[in-house]
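Me: I am new to this structure and would be grateful for a close look at the part where the two chains meet.

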Amino acid sequence: MQILATDFGFKIQRMQTDVLVVGGGTAGTMAGIKAKQANPDSDVLILEKANIRRSGAIAMGMDGVNTAVIPGNSTPEQYVREITIANDGIVNQKAVYETGRLGFEVIQELESWGVKFQKDPDGNYDLKQVHRVGKYVLPMPEGKDLKKILTRQVKRHGVNVTNRVMATRVIVQNGRATGVVGFDVRSGDFVVIQAKAVILCTGACGRLGLPASGYLYGTYENPTNAGDGYAMAYHAGAELTNIECFQINPLIKDYNGPACAYVASPFGAYTANAEGHRFINCDYWSGQMMLEIYKELNSGNGPVHLKMYHLDDDTIAEIESILWANERPSRGRFHEGRGENYRTHGVEMNISEIGLCSGHSASGVWVNERAETTVPGLYAAGDMASVPHNYMIGAFVYGRVAGENAVDYLQSLDHLEPDADFLAAEQARIYHPLTQPNGIPHTQVEYKLRRLVNDYLQPPKSPHKMEIGLEKFVAYTDTLTEMGARDPHELMRCAEVHFIRDCAEMAARASLYRKETRWGLYHYRLDYPEKNDAEWFCHVNLKKAETGEMELFKRPVEPYIIDVDLKEEVYDVAVR
Amino acid sequence: MAQTSQRVDVPVIVDESKCLEKCNACIEVCPLDVLVKNPETGKAYMKYDECWFCLPCEKECPTGAITVQIPFLLR
């Protein structure tokens with residue numbers, strides 16, 4: 001069926017740019033700035049579904065940096081070793097190394113722009129130990145305006161910004177990325193952007209599992225991050241990796257933020273079971289740590305909580321001032337509403353919904369140390385690119401790497417006119433819900449899809465359940481055609497449900513493919529409960545084959561650049 | 001398809017006596033784009049129940065007209 005934007009009175013907007021950054025969050029704003037710094041004559045455009053002033057994972061700032069490698073405190077080599085062990089050896093060390101090598105320069109540049117990091121009375125960075133060995137956590141008690149500061153720098157550097165336009169597909173011609181298509185989520189206009197290089201920075205797939213509260217948007221990740229980049233890269237033919245290594249976080253029960261030991265443990269707080277006893281000796285978020293939390297929650301010693309009530313009043317007040325002002329500023333009113341006080345009771349914790357996010361685990365679009373995906377001209381950075389445990393500093397570093405390399409890559413390239421059939425097919429796909437305004441609302445279609453994700457994919461993973469889930473996710477392609485929308489806003493949510501479905505299918509297939517258990521709870525398979533290095537010391541990658549089928553295959557782990565003895569150095573955080 | 005309307009307790013509460021008709025601050029910063037102006041009154045309201053309770057709308061409102069509650073299902 002032919003469906004055109006103009007059928008609904010919408011216009012077709014055409015744009016051209018040298019570098020197109022999709023997503024103006026942590027990685028995207030930095031990618032735009034760095035591309036412009038690398039070549040001030042190039043046209044750089046950041047496309048953002050929301051408004052870059054308050055978008056992405058750090059919309060309300062950040063209370064600390066988790067991966068700060070600062071000379072005199074730690075080295076890139078130590079950092080690579082730590083992440084290699086935490087991620088059970090399945091890492092491209094060269095890519096992880098860049099986060100360690102360039103992170104300090106990023107911190108210094110952010111400081112020059114007015115971002116404040118905590119320092120001791122002598123003016124040294126006040127690093128805290130949360131990881132198993134090294135000190136990489138740097139508090140940012142005044143980190144709430146991070147996004148405003150980045151927005152100011154984007155403007156100062158002359159980077160163009162288009163807000164409230166959502167990308168839905170990458171255009172690929174002659175084997176390279178040549179732009180994106182999408183639509184304006186307010187006006188409904190169809191938007192076609194030709195670019196010489198495309199950098200995807202669209203964040204995590206945070207709307208994969210359904211939070212236990214049942215509220216669709218009560219997710220850990222900013223719910224605008226619906227796996228857009230995972231799905232767009234997949235349809236562009238790029239490889240994705242480690243998708244079975246889910247993101248699962250220890251959060252405040254019913255709330256979408258952490259309790260948060262990263263902030264509170266340096267003050268003496270710790271994660272405890274219902275009897276007040278420690279059961280983990282390290283609060284760094286890893287699959288192994290999440291498995292211990294899962295076990296404790298399902299033992300007679302659950303629930304678990306963050307214990308602060310043994311601390312003095314001034315210390316607790318200081319923790320509150322950090323936790324209630326940055327990143328998740330509604331945390332204070334959540335506690336107040338329930339009459340909870342850190343001075344008298346622990347903060348009850350639970351396991352989050354599942355998601356895909358390299359920033360916290362390892363699943364993402366495959367990138368090398370140059371932020372290149374496997375499609376020429378297509379780059380990825382931030383939570384959707386595959387550098388494990390990369391967090392905010394890693395997103396900044398890879399935004400920079402992508403921006404600089406993209407400018408270098410595109411120099412001799414020209415724009416290509418998009419294929420008319422491709423544009424027509426994409427209009428038919430995205431505008432379809434408007435042809436049936438009384439079709440099933442996106443809220444119901446999304447709720448059911450994500451409930452199926454919980455039912456069939458939530459670890460521990462059972463092969464038979466995952467097979468049923470996979471069958472349902474594949475069949476859901478037809479269900480998506482039943483969605484109805486009444487305005488461009490609803491159309492945006494419908495398009496996001498398509499992305500979520502793609503991610504659910506990838507998550508099921510990758511989880512079925514890796515026949516072992518690895519990364520603690522993230523990939524805990526009941527039928528293969530042991531790690532099997534002989535067969536599975538490799539990445540599981542997937543891509544869209546020429547036939548249109550999802551193809552899965554093993555990709556060898558790149559040779560290590562830093563020796564790690566994984567037999568000796570096992571990541572074990574259980575207190576026994 | 002038969003339609004029904006369902007009443008929902010929405011997280012974003014706007015004090016209309018303080019909301020400025022010419023101001024779009026909250027609408028511009030909402031990541032989920034759930035706020036719009038009532039065309040008849042010029043006051044902002046939450047049109048779509050898709051709130052992340054992240055607070056930019058409340059923080060950036062110049063007159064303090066907005067209060068964000070934790071969504072009922074999480075309270």
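Reply: The following account begins with the interface and then turns to further features of chain A.

This is a predicted model, in which local features need pLDDT of at least 70 and side-chain atom pairs count only at pLDDT 80 or more, while totals for chains, interfaces and linings use all residues. Residues are numbered from 1 along each chain as its sequence is written, chains are lettered from A and ligands numbered from 1 in the order in which they are written, and side-chain values use heavy atoms, with hydrogens and water left out.

Chain A contributes 41 residues to the contact and chain B contributes 30 residues, where contact means heavy atoms within 4.5 Å. Together the two chains bury about 2900 Å², and 53% of this lies on carbon and sulfur atoms; buried area is the accessible area (1.4 Å probe) that two parts lose on being put together, summed over both.

Eight salt bridges are found across the interface of chain A and chain B, a salt bridge being a side-chain nitrogen of Lys or Arg within 4 Å of a carboxyl oxygen of Asp or Glu. A:R186 forms a salt bridge with B:E28, with 3.2 Å between the closest N and O atoms. Between chain A and chain B, 23 residue pairs are in polar contact, both residues being at pLDDT 80 or more. A polar contact is a pair of N or O atoms within 3.5 Å; within protein, one must be able to donate a hydrogen and the other to accept it, and residues adjacent in sequence count only if both atoms are side-chain atoms.

On the side of chain A that touches chain B, the elements giving two or more residues are α9 (331–337) and α14 (488–513) of chain A. Of these, α14(A) gives the most, with four residues. Helices (H or I, at least four residues) and strands (E, at least two) are DSSP runs, numbered from the N terminus. The residues on this side of chain A comprise 13 nonpolar, 14 polar and 14 charged; Ala, Val, Leu, Ile, Met, Phe, Trp, Tyr, Cys and Pro count as nonpolar, Asp, Glu, Lys and Arg as charged, and the others, Gly among them, as polar.

Over all chains, the count of salt bridges comes to 48. One of them joins A:E417 to A:R14, whose closest N and O atoms are 3.1 Å apart. A:E417 lies in the loop between α10 (391–409) and α11 (420–431) of chain A, and A:R14 lies in strand β1 (residues 12–22) of chain A, so this pair ties together parts that are 403 residues apart in sequence.
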